[in-house]
Amino acid sequence: MRNWLRDYAELVREKLPGPLRRVGGYSVAFQNPVEAEAAHNAGAGWYGDPTFHAEASQWVTLLQLGEDTDADMIWGDVAFVIWAIRTDALASRDFTKTYFYVQGH
């Protein structure tokens with residue numbers, strides 16, 4: 001039986017030049033977006049909670065690193081490590097208030 005996540009990861013690797021890396025903007029998510037996870041971790045509830053979407057919209061990706069077997073950077077099974085930050089913390093250059101998330105399976 002084929003593993004759909006591995007198939008998807010192979011397709012992404014074919015289409016992207018090298019490992020997935022992002023600085024700023026929005027992350028590429030296999031599961032929940034890091035903005036949603038950070039908002040939930042900040043106490044804003046979850047989808048459907050009135051404060052959730054307002055809080056999630058305040059978060060952006062600071063850095064995302066995909067696995068790179070050539071560099072021996074392996075986070076799990078086709079995983080990403082992602083650091084997110086609230087836009088107000090980023091504007092004030094307060095990097096002590098980041099959210100770290102490992103996304104994979």
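Here are some friendly notes on this predicted model, going from the overall fold to single residues.

1. **Overall make-up.** The protein has 4 helices and 4 strands, and along the sequence they follow the pattern α-β-α-α-β-β-α-β. Of its 105 residues, 32% count as buried. The exposed surface comes to about 6,600 Å², with carbon and sulfur atoms supplying 56% of it. If you like contact statistics, take the contacts between residues at least 6 apart in sequence: 49% of them join residues at least 24 apart.

2. **The sheet.** The 4 strands form an open sheet in the order E1-E2-E3-E4, with antiparallel pairing. Strand E1 (21-23) and E4 are the edge strands, each pairing on one side only. On average, neighbouring strands of this sheet are turned by 25° against each other, direction ignored. Helix H2 (residues 34-41) lies across E2, E3 and E4, and runs at about 125° to E4.

3. **The E3 and E4 pairing.** Strand E3 (residues 80-86) pairs with E4 in the antiparallel sense over 6 bridges. Two facing positions are handy for orientation in the viewer: Phe80 stands opposite Gln103 in E4, and Trp83 stands opposite Phe100 in E4.

4. **Two faces of E4.** In a regular strand the side chains alternate between the two faces of the sheet. Which residues of E4 point to one face and are buried? They are Tyr99, Tyr101 and Gln103, while Thr98, Phe100 and Val102 point to the other face and are not buried. Phe100 has a relative accessible area of 44%, so it is classed as partly exposed.

5. **A buried glutamine in E2.** Gln64 lies in strand E2 (residues 59-66). Is Gln64 buried or exposed? Its relative accessible area is 0%, so Gln64 counts as buried. Leaving aside residues up to four places away in sequence, Gln64 touches Leu20, Arg21, Arg22, Ser27, Val28, Phe80, Val81 and Ile82. One of these contacts, Phe80, is the residue that stands opposite Gln103 in E4.

6. **Aromatic pairs.** A pair of aromatic rings is described by the distance of the centres and the angle of the planes. The count for this model comes to 5 aromatic pairs. Trp46 and Phe52 form one that is tilted, at 5.5 Å centre to centre with 55° between the planes. Within that pair, Phe52 is buried with a relative accessible area of 1%, whereas Trp46 is partly exposed at 29% relative accessibility. Ring pairs also link Trp46, Tyr47 and Phe52 into a cluster.

7. **The Trp83 and Phe100 pair.** Why does this pair count as tilted? The ring centres of Trp83 and Phe100 are 4.9 Å apart and the planes stand at 50°; the tilted class takes in plane angles that are neither under 30 degrees nor over 60. The pair links distant parts of the chain, with Trp83 in strand E3 and Phe100 in strand E4, 17 residues apart. Trp83 is partly exposed, at 29% relative accessibility.

8. **A backbone angle to look at.** Arg93 is not a glycine, yet it has a positive phi of about 60°. Where is Arg93 placed? It sits in the loop between helix H4 (87-91) and strand E4 (98-103). Arg93 counts as exposed, at 70% relative accessibility.

Key. Residues are numbered from 1 along each chain as its sequence is written. This is a predicted model: local features need pLDDT of at least 70, side-chain atom pairs count only at pLDDT 80 or more; totals for chains, interfaces and linings use all residues. Side-chain values use heavy atoms; hydrogens and water are left out. Buried means under 20% relative accessible area, exposed over 50%, partly exposed in between (1.4 Å probe, protein chains only). Two strands pair if DSSP finds at least two bridges between them. Contact means heavy atoms within 4.5 Å. Axes are lines fitted to C-alpha atoms, for helices over the stretch in contact, and angles run from 0 to 180 degrees between N-to-C directions. Accessible areas come from the Shrake-Rupley method with a 1.4 Å probe; for residues, only the protein chains shown count as cover. Rings of Phe, Tyr and Trp (its six-membered ring) pair if their centres lie within 6.5 Å; planes under 30 degrees apart count as stacked, over 60 as edge-to-face and the rest as tilted.
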